[in-house]
Amino acid sequence: MKYLKHTIAVLLLSSLLFSCNSLKTAVYDQYSYQKTIEIKVEAENLINKASTPYQDHLQDIGELGLEIQKIIEYEKNKPNNEITFAMWQILADKDKNLLVGFFKRWKDKGQLNAIFVEEAKAQIMQAMDLLIQYEAKKDKETKDKLLQLISSN
């Protein structure tokens, strides 16, 4: 009987620790915050040029792509950082309608309609702003909004 009580106590403690660990959020990281802002500004600058030929911007697009790869690698290896990492994966997915998906569409079409560019830019910038807010605050409200965006993509 004593062994059974001890086993139950260990199981309860283990499940409590596991559930607490699954709720942890990475602490504020100045580098992540600053790099996300830099990428957002560079991306917006390039998106504004998407009504011109893609070929004219290959170097800038390539440099932005490299910065995105770097931040993904950085975010992947931070503890308790699943949410930010998942959001960067969505932003970097060429088959989604956010950042890298936008650049893929631009490449495929050669250049994009100005109205489409403005609508797409609004969605991409909103997603980037939400990621920046989450990095800055790490609060429940921004976490929930970011999780909702991730689950809808």
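These legends go with a set of close-up views of a predicted model.

**View 1. The whole chain is built from helices.** Before zooming in, here's the overall layout: the protein has 7 helices and 0 strands. Read along the sequence, that gives the pattern α-α-α-α-α-α-α. Of the protein's 153 residues, 36% count as buried. Sequence-distant pairs turn up a lot here: among contacts with a separation of 6 or more, 71% are between residues 24 or more positions apart.

**View 2. The largest nonpolar core draws on six named helices.** This core has 36 residues. If you want to find its best-connected members, look for Met-87, Trp-88, Leu-91, Leu-99, Phe-102 and Phe-103, which have the most contacts inside it. Helix 2 (30-47), helix 3 (58-76), helix 4 (82-91), helix 5 (99-109), helix 6 (114-137) and helix 7 (140-152) each put in at least two residues. The top contributor is helix 6, with 9 residues.

**View 3. Phe-103 has partners well away from it in sequence.** Leave out anything up to four places away along the chain, and Phe-103 still touches Ala-43, Leu-46, Ile-47, Tyr-54, Ile-61 and Leu-64. Phe-103 is also one of the residues with the most contacts inside the largest nonpolar core. Keep an eye on this side chain, as Phe-103 shows up again in the next view, among the residues closest to the centre of the largest pocket.

**View 4. The largest pocket holds about 280 Å³ of space.** That's the volume of the opening shown here, and 13 residues line it. Closest to the pocket centre are Gly-65, Ile-68, Ala-92, Val-100 and Phe-103. Helix 3 and helix 5 each supply at least two residues of the lining, and helix 3 gives the most, with 6. As for chemistry, the lining splits into 8 nonpolar, 2 polar and 3 charged residues.

**View 5. Glu-75 is a buried acid with a polar partner.** You'll find Glu-75 in helix 3. Its relative accessibility is 1%, so Glu-75 counts as buried, the cut-off being under 20%. What does the side chain of Glu-75 pair up with in a polar contact of 2.6 Å? The partner is the side chain of Ser-32. Skipping residues up to four places away in sequence, Glu-75 touches Asn-81, Thr-84, Phe-85 and Trp-88 as well as Ser-32. Trp-88 is a familiar face from View 2, where it is listed among the residues with the most contacts inside the core.

**View 6. Glu-67 is another helix 3 glutamate.** Glu-67 also belongs to helix 3. Is Glu-67 buried or exposed? With a relative accessible area of 15%, Glu-67 falls under the 20% cut-off and is therefore buried. Setting aside residues up to four places away in sequence, Glu-67 touches Lys-35, Ile-39 and Glu-42.

**View 7. Gln-133 in helix 6 is partly exposed.** The last stop is Gln-133, which is found in helix 6. Its relative accessible area is 36%, and because partly exposed covers the range between 20% and 50%, that is the label Gln-133 gets. Gln-133 touches Lys-138 and Thr-142, again not counting residues up to four places away in sequence. For a sense of spacing, try Lys-143: this residue and Gln-133 are 10 residues apart in sequence, and their C-alpha atoms are 9.1 Å apart in space.

How values were computed:
Residues are numbered from 1 along each chain as its sequence is written. This is a predicted model: local features need pLDDT of at least 70, side-chain atom pairs count only at pLDDT 80 or more; totals for chains, interfaces and linings use all residues. Side-chain values use heavy atoms; hydrogens and water are left out. A nonpolar core is a set of buried Ala, Val, Leu, Ile, Met, Phe, Trp, Tyr and Cys residues joined through side-chain atoms within 4.5 Å. Buried means under 20% relative accessible area, exposed over 50%, partly exposed in between (1.4 Å probe, protein chains only). Helices (H or I, at least four residues) and strands (E, at least two) are DSSP runs, numbered from the N terminus. Contact means heavy atoms within 4.5 Å. On a 1 Å grid over the protein atoms alone, a cavity is a set of points where a 1.4 Å probe fits but cannot get out, and a pocket is an open set with protein on both sides within 12 Å along at least five of seven lines; lining residues have an atom within 4 Å of a point. Grid points are joined across faces, edges and corners, and a volume is the space filled by probe spheres set on the points. Ala, Val, Leu, Ile, Met, Phe, Trp, Tyr, Cys and Pro count as nonpolar, Asp, Glu, Lys and Arg as charged, and the others, Gly among them, as polar. A polar contact is a pair of N or O atoms within 3.5 Å; within protein, one must be able to donate a hydrogen and the other to accept it, and residues adjacent in sequence count only if both atoms are side-chain atoms.
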